[in-house]
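Thanks for coming, everyone. I'll walk you through one structure today. Please have a look at it first.

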Amino acid sequence: MKKLLTLAVAALMCAGSASAQELANFNFGGRKQIVSPEIQGDSVTFRLNANYATVVNLYGSWLPGYGDKIEMQKGLDGVWEAKIALPEPEIYTYNFIVDGVSVNDPQNYMVQRDGTRYLNMLLVPGARTDAYKETAHRGTLAYKWYDSNILGINRRLTVYTPYGYEANPGKKYPVLYLLHGAGGDEEAWSSMGRAAQILDNLIEQGKAEPMIVVMPNGNPNQQAAQTMGLPTSDMDWRNPENRNSYVRSLCEEIVPFIEKNFRVIAKPEKRAIAGLSMGGGHTISASIMYPKLFDYICPLSAAGAATVEQLQALKKEGVKLYWVGCGKTDFLWEGNQKLIQSLKDAGLEHTFYVSEGGHIWANWRLYLQTFAPLLFK
């Protein structure tokens with residue numbers, strides 16, 4: 001018995017020692033843990049503990065040029081530092097470039113995924129970013145799988161259900177189909193777009209109708225996001241025969257799947273479709289191929305076009321909202337101008353929301369905040 005007690009005490013001491021060692025490692029051997037990024041008044045400081053490095057630069061999406069960077073300075077303790085003026089309220093991404101190698105900030109737990117890249121986030125507080133923060137009443141994000149006979153694979157999509165959905169089994173909701181751009185997937189709008197937080201805030205404040213938001217994967221050869229490691233199909237989506245295969249799947253398979261498995265109001269006046277860039281093109285195509293399906297149509301920085309005749313068909317069906325958003329310096333500005341002219345020529349009432357900036361998530365988050373309150377009214 002005495003031997004067993006001795007062994008137990010020894011085991012506890014080893015466990016305590018291991019725990020202390022873990023804490024010591026976490027605190028860098030007892031050194032004061034650095035803070036990065038640190039917002040102080042009208043400035044923000046970035047820090048990286050990299051005593052081995054010879055050159056460290058900071059790249060941030062707030063910089064005017066894609067290749068622009070900020071040179072960081074090394075302190076006596078081996079911590080590199082850069083202090084800059086605080087950018088305007090928004091979500092920005094950044095990373096360090098250590099001796100030519102891109103490195104994420106190990107002190108910052110806030111990250112978002114863009115395709116296969118994980119990027120640190122800098123959220124600058126202000127009126128613009130209040131809608132990106134968590135609310136007291138939060139909806140639910142869920143992943144659902146559906147079989148696509150058109151695309152020949154089992155596929156995943158993301159579904160947002162508003163706060164109260166589970167607690168009110170007798171209530172039905174309108175649906176927004178929210179589409180991502182090239183390089184994105186079914187997580188793009190929830191990760192980079194902050195769609196759940198934006199909807200939570202708008203609904204909690206009574207600015208938007210409680211709605212279900214469906215965010216599919218717009219890459220017809222993918223089962224799901226690449227990070228799941230699933231094989232892709234060998235379908236050539238560039239082949240003209242497959243040109244509208246995803247749009248067909250969206251309208252003929254995803255919409256029925258959602259209306260079968262969720263409590264939705266299955267009427268055109270309770271369906272909306274919106275998408276950015278490539279997803280804006282999908283939005284335009286879905287609306288003109290299926291003019292009776294959606295009463296609310298919102299292409300954002302869209303890579304797509306419609307003829308006057310196609311838009312007149314939408315007008316005949318009684319579309320309630322045609323909302324176009326684009327940044328002044330967006331590389332697709334001219335294409336969006338042509339879409340607006342076609343809308344005018346067709347006599348289809350519409351809204352053209354022009355923002356500063358280009359083809360960036362800051363604009364698409366702003367557009368969602370702006371058009372969502374207009375839906376289902």
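**A walk through the fold**

Let's start with a pair of strands. E7 and strand E8 (residues 101-103) run antiparallel, joined by 3 bridges. Val 98 sits opposite Val 101 in E8. The two strands make a hairpin, with 2 residues between them. In that turn, Asp 99 has a positive phi of about 50 degrees.

A word of caution before we go on. This is a predicted model.

Now the overall picture. The protein has 8 helices and 18 strands. Its C-alpha atoms fill a box of roughly 85 × 60 × 45 Å along the principal axes. There are 377 residues, and 49% of them are buried. The accessible surface comes to about 18,600 Å². Carbon and sulfur atoms account for 53% of that surface. What about contacts along the chain? Take those between residues at least 6 apart in sequence: 71% of them join residues at least 24 apart.

Back to E7. Is this strand mostly covered or mostly open? Mostly covered: 7 of its 8 residues are buried. Besides E8, E7 has further partners. Strand E3 (residues 56-60) pairs with E7 in the antiparallel sense, over 5 bridges. There, Asn 57 stands opposite Ile 97. E10 pairs with E7 too, again antiparallel, over 4 bridges. In that pairing, Ile 91 has Leu 123 as its bridge partner.

E7 also brings us to the largest pocket. How much space lies in it? About 1,200 Å³. The lining has 44 residues. Nearest the centre lie Ser 61, Thr 93, His 359, Ile 360 and Trp 361. Four elements give two or more residues to that lining: strands E7 (91-98), E9 (111-114) and E10 (117-123), plus helix H8 (361-371). By type, the lining residues divide into 20 nonpolar, 15 polar and 9 charged.

Let's follow helix H8. Why call it largely enclosed by the rest of the structure? Because 10 of its 11 residues are buried. Trp 361, from the pocket centre, is among them. So are Arg 365, Leu 368 and Phe 371, to name a few.

Leu 368 gives us a link to another helix. Leu 199, in helix H3 (residues 195-204), touches Leu 368. Leaving out residues up to four places away in sequence, Leu 199 also touches Tyr 160, Met 211 and Val 213. Is Leu 199 buried or exposed? With a relative accessibility of 1%, Leu 199 counts as buried, since the cut-off for buried is under 20%.

From Leu 199, hop to Ala 274. The two are 75 residues apart in sequence. In space, their C-alpha atoms are 14 Å apart.

Ala 274 belongs to our last stop, strand E15 (residues 271-276). How many of its 6 residues are buried? The count is 6 of 6. Both faces are covered. One side carries Arg 271, Ile 273 and Gly 275. The other carries Ala 272, Ala 274 and Leu 276.

E15 has parallel neighbours. Strand E13 (residues 175-179) pairs with E15 in the parallel sense, over 5 bridges. Leu 178 stands opposite Ala 274 there. Strand E16 (residues 296-300) also pairs with E15 in parallel, over 5 bridges. In E16, Cys 298 stands opposite Ala 274.

That's the tour. Questions, please.

Technical notes:
Residues numbered from 1 in each chain as written. Predicted model: local features only at pLDDT ≥ 70, side-chain atom pairs only at ≥ 80, totals over all residues. Heavy atoms only, no water. 1 Å grid on protein atoms, 1.4 Å probe; cavity = no way out; pocket = protein on both sides within 12 Å on 5 of 7 lines; lining within 4 Å. Points joined across faces, edges and corners; volume = space filled by probe spheres on them. Nonpolar A, V, L, I, M, F, W, Y, C, P; charged D, E, K, R; others polar. Buried < 20%, exposed > 50% of the residue type's maximum accessible area, 1.4 Å probe, protein only. Contact = heavy atoms within 4.5 Å. Areas by Shrake-Rupley, 256 points an atom, 1.4 Å probe, with all protein chains shown as cover. Pairing = 2+ DSSP bridges.
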